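Here are a few notes to read alongside the structure. Take them one at a time, and keep the 3D view open as you go.

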Amino acid sequence: MIEVRPLRPEDRRDQFLCGDVDLDRFFQKFAGQNQFRLHIGTTYVAMDADKIVGFLTLSATSITIADLPMSLRKQLPRYPLPALRLARLAVAKNVQGKGIGKRLLRATLDIAHEMAERTGCVGVVVDAKSDAIEFYERYGFESLEIIRGSLGDRPVPQPMFLPLGSIPKRS
């Protein structure tokens with residue numbers, strides 16, 4: 001049984017490999033610092049017994065109405081709106097294709113509902129890498145227009161959004 005829980009300082013991150021150098025480096029070197037010292041994001045780990053088989057990192061964000069799909073603009077006010085940012089999601093290379101990414105995404109959607117009840121949240125924003133766009137589309141995320149920004153020699157991720165009203169609550 002896969003358990004998703006917040007990262008703990010004692011968790012062994014050094015053996016996790018997903019096959020993406022940037023994600024592996026982030027998880028091994030920066031996830032703990034960002035969570036425990038800087039408080040700029042919280043990383044959750046998918047545990048299979050005592051082994052980390054995946055992770056996701058979340059942070060609070062805001063989105064402007066101009067960034068949302070036209071179908072949502074009429075319903076919302078014109079000031080920055082609170083949202084949950086799915087900053088990173090990765091599954092260990094040796095267990096990819098076994099539903100762990102789906103389980104991590106489900107945990108994200110549950111946290112979005114909790115955030116909506118506690119502080120406000122209109123939905124989930126993710127900057128999807130090109131090879132992950134189809135994964136997020138399967139769960140209802142819509143692409144947002146890229147207005148600005150550049151990452152130098154790295155590919156520009158596709159911002160995507162899933163409105164809270166499209167996220168089924170667990171009973």
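Contact, in these notes, means that heavy atoms lie within 4.5 Å. Please also keep in mind that this is a predicted model.

1. Let's begin with alanine 90, which lies in strand S4. Which residues does alanine 90 touch, leaving aside those up to four places away in sequence? They are Phe16, Cys18, Leu23, Gly54, Phe55 and Leu104.

2. Is alanine 90 buried or exposed? Buried means under 20% relative accessible area, and alanine 90 counts as buried because its relative accessibility is 4%. For a sense of distance, try leucine 109: it is 19 residues from alanine 90 in sequence, and the two C-alpha atoms are 16 Å apart in space.

3. Now look at the neighbours of S4. Strand S3 (residues 51–63) runs antiparallel to S4 (residues 81–91), and ten bridges join the two. One place to see this is threonine 57, which stands opposite arginine 88 in S4.

4. S4 has another partner, strand S5 (residues 123–128): here the pairing is parallel, over three bridges. Leucine 84 has valine 124 in S5 as its bridge partner. To get from S4 to S5, the chain passes through helix H3 (residues 100–118), and this β-α-β crossover is right-handed. While you are viewing strands, remember that side chains in a regular strand alternate between the two faces of the sheet.

5. Next comes the largest nonpolar core, which has 44 residues. The members touching the most others are Phe16, Phe27, Leu86, Leu104, Tyr136 and Phe141. Which element gives the most to this core? Helix H3 does, with eight residues. Among the elements that each supply at least two residues are helix H1 (21–37), strand S2 (42–48) and helix H4 (133–138).

6. Tyrosine 136 deserves a closer look. Not counting residues up to four places away in sequence, tyrosine 136 touches Leu86, Leu89, Leu105, Val126, Ala128, Phe141 and Met160. Apart from the largest core lies another one, of nine residues, including Leu72, Leu81, Val125 and Leu144.

7. Last, find glutamine 158 in strand S7. Its relative accessible area is 18%; since the cut-off for buried is under 20%, glutamine 158 is therefore buried. Where does the side chain of glutamine 158 reach? It comes to the backbone oxygen of leucine 144, at 2.6 Å.

Note on methods: Residues are numbered from 1 along each chain as its sequence is written. This is a predicted model: local features need pLDDT of at least 70, side-chain atom pairs count only at pLDDT 80 or more; totals for chains, interfaces and linings use all residues. Side-chain values use heavy atoms; hydrogens and water are left out. Two strands pair if DSSP finds at least two bridges between them. Helices (H or I, at least four residues) and strands (E, at least two) are DSSP runs, numbered from the N terminus. A crossover is right-handed if, with the strands pointing away from the viewer, the path from the first strand over the helix to the second runs clockwise. Buried means under 20% relative accessible area, exposed over 50%, partly exposed in between (1.4 Å probe, protein chains only). A nonpolar core is a set of buried Ala, Val, Leu, Ile, Met, Phe, Trp, Tyr and Cys residues joined through side-chain atoms within 4.5 Å. A polar contact is a pair of N or O atoms within 3.5 Å; within protein, one must be able to donate a hydrogen and the other to accept it, and residues adjacent in sequence count only if both atoms are side-chain atoms.
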